[in-house]
Amino acid sequence: NVTYLVEVEETEALSVKEDENQAVKWWTFEELLAFALLLPVGAFAQSSPLIMKHADNLAVARKRGSLLLEGRVFFVHDSVQFRTQRATWNKDAEVVNCDGGFLFTHPSGFIQAKSGMYRKKQSLATAMGDVIAGDSASSYRFTGDFLEYDRENEILTMPQKPKLYQYEKRKDGGTDTLTIEANKIIYNKKASFAEAYKNVKVTQSDMVVTCDTGYFDRANSWLSLKGHPTFDMKNYHLTGDSIYLTIDENKKTLTSALVIRNAHGISKEDPKKNAPGNVTEAFGDTLYCEFKDNKIERLYVNLNAKGFFYETDLPDYRNLMDGNRLDMYFKKGKMDHAVVSGKAQSTYFYVKKDRTVSGKNEAAGDTINIVFDPLKNAVKTLRLLGRSTIASGRYVDLEKEQREKPTLRILPYSLAPVCDNL
């Protein structure tokens, strides 16, 4: 076996001690190369040793193979190092327990906690109590009560009260912060991929997401939510069995949302000057939204599609749209036009300038195309197409109905008939 390998001048004299191996001799480079090729691959893959660089005091522990270290304890292994004020070093198991504070540093970041453990053979660092982890680029911050760091794969697992903050610098010099809270979070730093389990909450700017299980791929800018997910962003609300979101990496704004099974979406437009606000809701098996600068541009609902919209000052007058498929298009947050397909039905109310309702239009057909007047917040044109379902429509004059509705006259008490008991 090779005990020592040193580099010296080959012209120097070589002497052999009487009590040492008598086979000591010079090797040529060619002989060394040939010997190396015969060695198993694992011989070169062995990890470097765990080195204690400093400790003020050292004592032998009762447990065999263990040392007690106190005062400015400092360890190094490969590219990582950690410090503590008190540690127990099990040399046989190559495990160091630190209970006097724990500061673990590696090339891409650090871990700080009240106590910690390093297992050399597994390349695992464990931190307990007021844990804070971050990277040298200040792109993330991880806090909680317990953390396990897989050094080889750069995976951080936090199962107790975890919070993950991800920071991104904007072009204007500000910082965007995405926060993930859950009962358990696993963060793969290499892939910039986070998994969150139970009581998940994700916030960024005015976006709030909740679910039972969430996946966030920062490298590819998407979020996947399962288990009673909800999505809220300023004037938008989405729910369903699962939700998939995509984000514009440059603008840090939402670009699309896909809701699968039991989909429900709400879009709200706040009142402006003399114009009332409006609310649009859609239901169906699948719902898909497209956004631009965090304003909705298109909403598509498939299978058992139902939708309605109304103005906030007239919540009892809901304009309805039902069919197999519903496509709604928006401009600057207001509905521009809509297409209802497959056994389509619709009901629209006509509102006068004085904000009274004059009537309603009921329509049915294979397809209904509706164009809206964004200034008046009303239907501009209505077009019906019929094949399997005959196109039909009717207008109901609500004002006339109200005029013709019989009124109940209440007679004065003195004029009311009196009936004696027979």
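This is a short talk about the cavities in a predicted model.

Mentor: Residues are numbered from 1 along each chain as its sequence is written. Because the model is predicted, local features need pLDDT of at least 70 and side-chain atom pairs count only at pLDDT 80 or more, while totals for chains, interfaces and linings use all residues.

Trainee: What makes a space a cavity, and how many of 30 Å³ or more are there?

Mentor: On a 1 Å grid over the protein atoms alone, a cavity is a set of points where a 1.4 Å probe fits but cannot get out. By this rule there are three cavities of 30 Å³ or more.

Trainee: What is the volume of the largest cavity?

Mentor: About 160 Å³, where a volume is the space filled by probe spheres set on the points.

Trainee: Why are residues such as Leu178 and Phe216 called lining residues?

Mentor: Lining residues have an atom within 4 Å of a point, so Leu178 and Phe216 are among the 13 that line the largest cavity. Strand E12 (163-169) is one of the elements that give two or more residues to this lining, and its share, three residues, is the largest. Strands (E, at least two residues) are DSSP runs, numbered from the N terminus.

Trainee: What makes Tyr215 nonpolar and Glu195 charged in the lining of the second largest cavity?

Mentor: Ala, Val, Leu, Ile, Met, Phe, Trp, Tyr, Cys and Pro count as nonpolar, Asp, Glu, Lys and Arg as charged, and the others, Gly among them, as polar. By class, that lining has nine nonpolar, one polar and one charged residues.

Definitions and conventions: Side-chain values use heavy atoms; hydrogens and water are left out. On a 1 Å grid over the protein atoms alone, a cavity is a set of points where a 1.4 Å probe fits but cannot get out, and a pocket is an open set with protein on both sides within 12 Å along at least five of seven lines; lining residues have an atom within 4 Å of a point. Helices (H or I, at least four residues) and strands (E, at least two) are DSSP runs, numbered from the N terminus.
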